[in-house]
Each structure stands twice: as C-alpha cells, then as structure tokens.
Amino acid sequence: MHDIQTPDIASVERTFQGLELKAEQRDNGIFAAIVKALLSNSNQWMRAPDIVGTISTALKLAKSRGCEEPIEKHQIKNLTYYRLSLHLFTDSRIRDSMNTIPPTPPPDPPRLAKDKKRSPTKPTRSTASSRNTSKRTTIDSDINIITPKKIKISHNTSPTINLMDNEHNEHDSQFLIEPSVKKKSTKYQPSEDYGTPESVIEEPMTNEIDITSSSSSSSSSSSSSSSSSSSSPSSPPSSLMITKGPIDFDINTVNGPKSFAIIQETGYSYPRLSRLKRSENRYPKSKCEDAFCVKDLRRSDGSFMARLFCLADGHGGSGCSEFLISRVPNRIQELLQEHPANFDNKDEQQWFREQMEHLVRKLDDEYVEAKRVEFRRWKSRREKQSDSNSISGRPTFILKDRNDTDSMPPVDDGSTIIINMFINDWLINVNVGDSRTFLACRGKNNKWSVEFASEDHKPYLERLALKIYSNGGIFVDSNDDPIKFDPTPRQRRTRPSLKNARIRLQGQDGENEDGVPYINETGKYWSINVAATCGDLLFKLNRSRRVIDCVPDVTFRKLGKFAECGGDRFLLISSDGLFDHLKESRTDEQNNEVAKFIGGLLDNGESVMNVVKKIGSREKYTTLFKDFSQVYDDITCILISL
C-alpha cells in the first residue's frame, strides 16, 4: 500500500459535507463513518478487512434507490479493494489531488513442500487456550470494542472512526476503528504484552506534567504476559491475560497482607456475522486502559508503615489512569510521613478523609489543567491554519504529514481511582468512580457473605444526580434522548429512572474557549455513564461548577492484625470489566454471587492465583457470567486473602 498523508478532522468533515450523497446515505451513521475513514485515508484503495465489511450497507442502499454506487470495487486475485467513486467529488481540485493508481497485487506466498505421509490422527478442534496471541492493531482488531465510559453515542455496537490515530506500523491500516481517538495521553507506554505499570513509577523532578504521547517504552515496571503461561490446565487464562503475585513487587513479605494475586486482561471483541470459530476470531484492543500498583509505604526512617493497592480504570485513553497510578502512592506516603495518624481516633479519621479529598482534587486539577492547556494550544494552531488556508485559497481537502503530532487533536480522557490501604489494624478504602472493592468473610455457618462494599458512583445516586443537574448536566438514554428529571430532592438513595442513564452537558451550542469538542465527528454529543471521575475536561470546563466531580468516598474498617487472620476474609478490588459481564445486574447480588464463587474455590483449596484467574475467565464460567458478549471490556482484578 502506498504511503499516504492524513488530512485533519475539519478537512475530512468539510469534504464529507461536499460529497454528492443521498440523504439516507448521509444520515446512516455506519456509512458516514466508513466514508470519513476513506477520506481520512486520502481515498486510497483499501482492503475489505480494513473497512470491516460494513460498506455493504451503502451498496445495498444505492441499489435500492436506483442510483450509481458510491463505492468502487477493485479485484486482485482473491482480494477486493474499495474506495469512494470519483463521481462523488464535485471539486475537481480534490479529485485531481488523489492517487488513482490501482493497488499492486501482493506477492504469492512461498510454496511449502507437501508431506508424502499424512498423520493417521484426526485434527482436533482448537480450544479456548489456543487463541490467537498476536497483537492486532489493524482495524479488524478494534471493531466492536466494548463501549467505554465516555463514548460517541450512536449505536452501541457500531464502530466509530478514529480519523487521527498516529500509532501504526507498516502492516497496519491507515486508520483504526476505535471508540475514541487513540493518541496516547501519557508518557508511560505498555509493553508488547498488553500490560500497564504494576508498580509505582517515580514522579519526575519537575513541576511540568508530561501528558503528551511518547514513542519510548516504559521502564521495567511494565507488566508482562509471560507469567500467564504457567497456569494450571484446569483454568487456562486468556492469551491476553497477565498475572502478578507478591514476588513481582518490591514489598516486605513479613508485614501486611502477603497472599494476593492480580490478573489483567485487555478488552477484545468478536465481529458480527463472522463464520469463524470464536477461538480463532477474537480481536483485542490495541492497549489496556486499566492501570494498577502495589506499594509498601514507609516511614521517614525506612521502616514499614502500610501496604497500598491502587487501581485506576481509564476511559477514552490510558493517560489519566497511568498519571494517577504514578502519583497517588508517593503522595499518600509523604502525607503520612509528615503526620502519622492514629486511626483509632475519630478526629484522625476525619483529618485523613479531608486530606484524601484534597489530594484527589489536586491530582485531578493537575491533569485537567494540563489538558486544558493542550486543547487551547491545539485550538490556536487550528485557527491559525484555517486563517492561512483562507488567505492562500487552497482547497479544503489538505493533505498532512501523518507523523506531524501538532496536527493530531488532544484526547479528553478520564479515569476512576480506587485505593485500599492496610495500615496497622485498619483497612482504608478511597473510591472515585465505578471500580469496586468488597470485603467478604466466612461466617460461623461456613457461608461467605459481603461485610463491606464500596459504592459505585453512578448517575442514579440521588446525591450525585442533584449536583450534576444543578451544575449544568442532563441525563440521556443510550439513544441520546433526554430523560425527564425532577430536581426536587427526595429521601430515596437512588432514582430508578436513571438506572442506565448517561450524562451530557446542557447548552452545547457553539464552541467553548478551551476548544474541547462537544460532539464527535458523527454529530453526536459526548456523554459519560459514571458520575464521579478524575480527568474528563469537558465536564469540568467551568472550574467553579463542575458537572462531574471527583470527591472520594473514604471508609475505615478495623480488621485486626494480619498475623492473626486465618484466611476467613478476602478483599476483591476490580474494574467494572468484571461486574458488567455478570449475569446478575443488581449490585448487592453481584457482590454476593462473586463472594460465594471465590469463597467456594478457596474452601476447595484453590490458590489465590488460580482463583483470580478463574474470576478473569469471563467466557468459561457461564454460571457466573453472561453466556455470550459481542465485546469484552478491559478487566483488572486484585484478590487479597486475609
């Protein structure tokens, strides 16, 4: 395929509006996305898998309307290439700027010598453990990705177009289908094995926050999937699953909880209408947006003070989640070194609660303000370019260097954050968002039950819904239709009418001074389904009236000394990639079902590592999980035996 240059989003949109298309074609979300993808590729020839086959929608519509087909096909051997028909382009300058040379046929694969003897055994079917382990970054690897918390509302299972992705290799398509623009908003990069940093990366000795993309890989703290190969045959992990245990972290195994295991799996999807077996047809996301860490907090003299487990579930990108994970542990350590707290004292608990609210808000402000600067700079560059183009009289379809990062729009991403700290006899839980922690115990009747659970920060919570609405947010359903909301306070903890609600802004006409887009390239408003996050600049444009805030819940539970615990308790920390795929939809029942599942395995003598692997095997244990999902979100689970 020819080397091509990528136009910016505004140019693609203007060119799209100028195409001679039927109203039904222009209003079809999938077809419009495919057309824009072709335009973002400068209308070069592309292979059918690169366009995911959805172009058939356009061809059928054209045939039914009796009009000329808007997409041309070019057959070479057993491959079919597609592009927009040139008759659609009314501007001859745009048409003349395109490369019309047909694609060259690929080389024939080398012939393999035939074996004269055939094996007498029948070929066996592939199993779940033999799934394709290659890292897929072409568009067929990202089609139908699980809808992130911040999505472009259209059809929940329809792919949306990332016009400006700047990560590719020579085998990649020139555009990717993703639920969000994939410019990475962090300097921390994953390993080749889909991992994220699992131990703390020290903060740079500078006041400047680096949230721009970087081509350099992260330090040795990045996760590796190599450990997953040692799993037991009875519980084969996914090829995308990584595992971690105490030996993988720089911790003191004498103090604090020392029996724990972690799994993380990158989200993946199955294409619709595929005839291939599921085990052969799974396409992973290009990167997991979850991040986690385990760290021992130490006193000024270096002695052990506390053990901290931290999980951040990113949406829209991995920048915010990795930013939080790299900073939270050290900030808490510095806080407790300056003020050693006695949590048996209620006043000390209140002091720590206020300090954690301040700490989370400060980190959120740092990230949001850095994003605000990034968007304003990008907006300024776009305005200067637009003025320059209008003066020079150049056509709107401007070809740009794909490697020019200045032409790439910033990513407005966000993250949940959940912290669990074991200090002396206490467990302290700090929660923002919809990642979840629950503490389970074995009762006198040897039955497992949930002793404590954090609360998911969802739009249906009364205390959050009232604040969201009063600060300029509205509630919509999955079709972006407004949900009627009565702002009169109620005595109930939740509002059932907002059970599956999403949040978007009121009064989104025109532009904001920061240049953060209100709508995506398909003309749909941005929305989010979690009611408390870090990051997400769009919902914090007004510094004094944040639509979505980041106030954490801080909970204290006295457990007793760890040396006296006999395995009658466990703590589970997980992103919503676990709970969203359970058969049970009610939160309390979800916690109880998972607690019984984990407790039963532990009672049967299963190791903590094997148990957490099974929790992450969402396609295997259909008694707990849904029988089938088109898409699977990123999942991170931390299981701690107490």
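Q: I'm looking at strand E8 in this model. Which residue stands opposite Ile-262?
A: In this predicted model, the residue facing Ile-262 of E8 is Lys-244. To read a pairing like that, look at the two strands that hold the residues. Here E7 and E8 (residues 259-265) run antiparallel and are joined over four bridges.

Q: What sheet do E7 and E8 belong to, and in what order do its strands come?
A: Read a sheet from one side to the other, strand by strand. This one is open, has six strands, and goes E7-E8-E25-E23-E16-E17, with antiparallel pairing.

Q: Why do E7 and E17 each have one side without a neighbour in the sheet?
A: Check how many partners each strand has. E7 (241-244) and E17 (448-453) sit at the edges with a single partner strand each, so one side of each has no neighbour in the sheet. While you're there, check the twist: on average, neighbouring strands are turned by 20° against each other, ignoring direction.

Q: Which helices pack on this sheet?
A: Look for helices that touch its strands. Helix H10 (residues 587-603) touches E16, E17, E23 and E25, and its direction makes about 130° with that of E17. Helix H11 (residues 608-616) packs on the sheet too, touching E7, E8 and E25, and makes about 25° with the direction of E8.

Q: Okay, now cores. Which residues of the largest nonpolar core touch the most other members?
A: Think of a core as a network and look for its best-connected members. In this 38-residue core, those are Ile-332 and Phe-352. Leaving aside neighbours within four places in sequence, Ile-332 contacts Leu-297, Leu-308, Met-356, Leu-359, Ile-419 and Met-421.

Q: Which element gives the largest share of this core?
A: That's H6, with eight residues. Other elements pitch in as well: H7 and strands E11, E12, E14, E15 and E22 each supply at least two. Apart from this core lies another one of 26 residues, including Phe-579 and Ile-615.

Q: What about Glu-366: is it buried or exposed?
A: Compare its relative accessibility with the cut-off. Buried means under 20%, and Glu-366 is at 17%, so it counts as buried. You'll find Glu-366 in helix H7 (residues 346-392), where its side chain makes a 2.9 Å polar contact with that of Lys-362.

Q: And how much of the whole protein is buried?
A: Zoom out and count over the full chain: 56% of the 642 residues count as buried. The protein has eleven helices and 25 strands, and its accessible surface comes to about 28900 Å², with 48% belonging to carbon and sulfur atoms.

How values were computed
Residues numbered from 1 in each chain as written. Predicted model: local features only at pLDDT ≥ 70, side-chain atom pairs only at ≥ 80, totals over all residues. Heavy atoms only, no water. Pairing = 2+ DSSP bridges. Axes fitted to C-alpha atoms, helices over the stretch in contact; angles between N-to-C directions. Contact = heavy atoms within 4.5 Å. Buried < 20%, exposed > 50% of the residue type's maximum accessible area, 1.4 Å probe, protein only. Polar contact = N/O pair within 3.5 Å; in protein donor to acceptor, adjacent residues only side chain to side chain. Core = buried A, V, L, I, M, F, W, Y, C linked by side-chain atoms within 4.5 Å. Areas by Shrake-Rupley, 256 points an atom, 1.4 Å probe, with all protein chains shown as cover.
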